[in-house]
Amino acid sequence: MSLHLPARRIAASATRATTGTPSLHLQHLLPRTQRRNAGWFGWSRGKNKSSSADSPFTQELTRREREQMLAKQNMDRTQGTSIFDEEIKDPERIRQEEVQRAGGGGGGGGDGGSSIMATRVKEHLERAENPDPRWRVRFLKKKVMQMARTDPSKPLPRDQRIRLSEKQHGSASTHLPTSTKKLVFLSHQIVGKTVDDAITQMRFSKKKMAREVKWQLEEARDYAIAAHGMGLGSPGARDEKPRKIQTKDGRWIEVQDPTTLYVDESWVTKGPWRGARIQYHARSRMSRMWRPTASISIVLKEEKTRIRQHEEKVEAQAKKAPWVHLPNRPVTAQRPYYSW
């Protein structure tokens with residue numbers, strides 16, 4: 001048999017074979033390799049293919065670059081610019097230039113670039129403004145003592161003198177899932193009692209919110225002791241005889257230690273609604289019943305406050321003039337004859 005092919009087609013096939021690109025009718029005879037593009041729904045088709053190493057988003061960050069990024073994020077934690085940016089940046093730029101000159105140009109300046117950067121973090125600013133808090137407290141105490149000594153003609157007001165000599169601590173609870181009508185009974189139950197007695201009352205109470213009030217009393221007691229130094233006891237309290245005083249509500253109590261904590265004030269505040277539920281009525285009617293919240297606030301003081309109040313009350317009664325049934329004053333509008 002003889003193969004009848006035009007000479008023009010044979011020449012074209014020979015040229016394609018030499019160039020490496022087969023003809024269309026011979027491409028199905030070549031082996032094929034399956035390829036897949038890393039893209040979803042053909043989004044990456046038609047784009048210029050580039051290696052992942054050349055993309056800046058996929059390059060692996062070095063240790064120095066990570067440190068610089070974290071430092072920059074730490075600086076930008078507080079929003080807004082500072083009025084001291086120029087004063088902060090200029091010395092930093094000058095110091096970096098000096099480090100580069102000392103290191104011999106760009107080779108030694110790489111390590112100098114990781115210098116301490118300016119920060120606007122709240123904790124760092126507080127430390128910069130008040131580096132020694134204890135010294136500040138001593139300074140303020142010293143100034144108060146100087147003010148009290150250097151100007152005797154202008155003594156401190158009574159409320160300021162009481163605030164300097166007596167301590168108190170206020171505490172408020174979160175919004176509790178109850179109403180003020182129910183919580184006010186527990187508030188009345190603990191007011192006027194010592195903290196230990198109030199905690200005992202809440203421990204054995206059958207009310208549901210008693211455990212919350214007990215937890216609030218314990219938290220206020222611990223915070224008053226730790227923050228204000230209340231209830232630590234006086235050095236000569238055991239040797240002193242117990243004093244008998246009368247409280248504001250007329251009860252007589254004995255005080256052994258003037259630093260004993262007691263609940264001076266307690267009140268209840270209404271909170272926001274925490275939800276609603278359907279309340280069904282007769283004749284196929286309904287309404288919404290709101291679920292209330294309430295919070296309790298307490299004020300803790302030491303027994304020396306009640307001792308002072310009792311002494312002031314006794315002193316005021318002693319200064320009071322005796323009561324006269326018929327006061328000694330002139331009689332007016334008298335007539336020598338009857339008015340009828």
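In the predicted model, R211 has a relative accessibility of 64% and therefore counts as exposed, the cut-off for this class being over 50%. The residue lies in helix α10, which spans residues 210-228. R211 also belongs to a surface patch of positive charge. The other members of this patch are the lysines K181, K182, K207 and K208, together with the arginines R274, R277 and R291.

S179 falls into the opposite class of accessibility. Its relative accessible area is 17%, so the residue is buried, as this class covers values under 20%. S179 is located in the loop that connects strand β1 (168-172) with helix α8 (180-190). When neighbours within four places in sequence are set aside, the contacts of S179 are with P292 and A294.

With regard to the chain as a whole, the secondary structure consists of 11 helices and seven strands; helices α8 and α10 are among these elements. The chain contains 340 residues, of which 19% are buried; S179 is one of the buried residues. The exposed area of the chain is about 28800 Å², and 54% of this area is supplied by carbon and sulfur atoms. Among contacts in the chain with a separation of 6 or more, 67% are between residues 24 or more positions apart.

Notes. Residues are numbered from 1 along each chain as its sequence is written. This is a predicted model: local features need pLDDT of at least 70, side-chain atom pairs count only at pLDDT 80 or more; totals for chains, interfaces and linings use all residues. Side-chain values use heavy atoms; hydrogens and water are left out. Patches are made of residues with over 30% relative accessible area and no salt bridge: like charges are joined within 9 Å, nonpolar side chains (Val, Leu, Ile, Met, Phe, Trp, Tyr) within 5 Å. Accessible areas come from the Shrake-Rupley method with a 1.4 Å probe; for residues, only the protein chains shown count as cover. A salt bridge is a side-chain nitrogen of Lys or Arg within 4 Å of a carboxyl oxygen of Asp or Glu. Lys and Arg count as positive and Asp and Glu as negative; His and the chain ends are not counted. The place of a charge is taken as NZ of Lys, CZ of Arg, CG of Asp or CD of Glu. Helices (H or I, at least four residues) and strands (E, at least two) are DSSP runs, numbered from the N terminus. Buried means under 20% relative accessible area, exposed over 50%, partly exposed in between (1.4 Å probe, protein chains only). Contact means heavy atoms within 4.5 Å.
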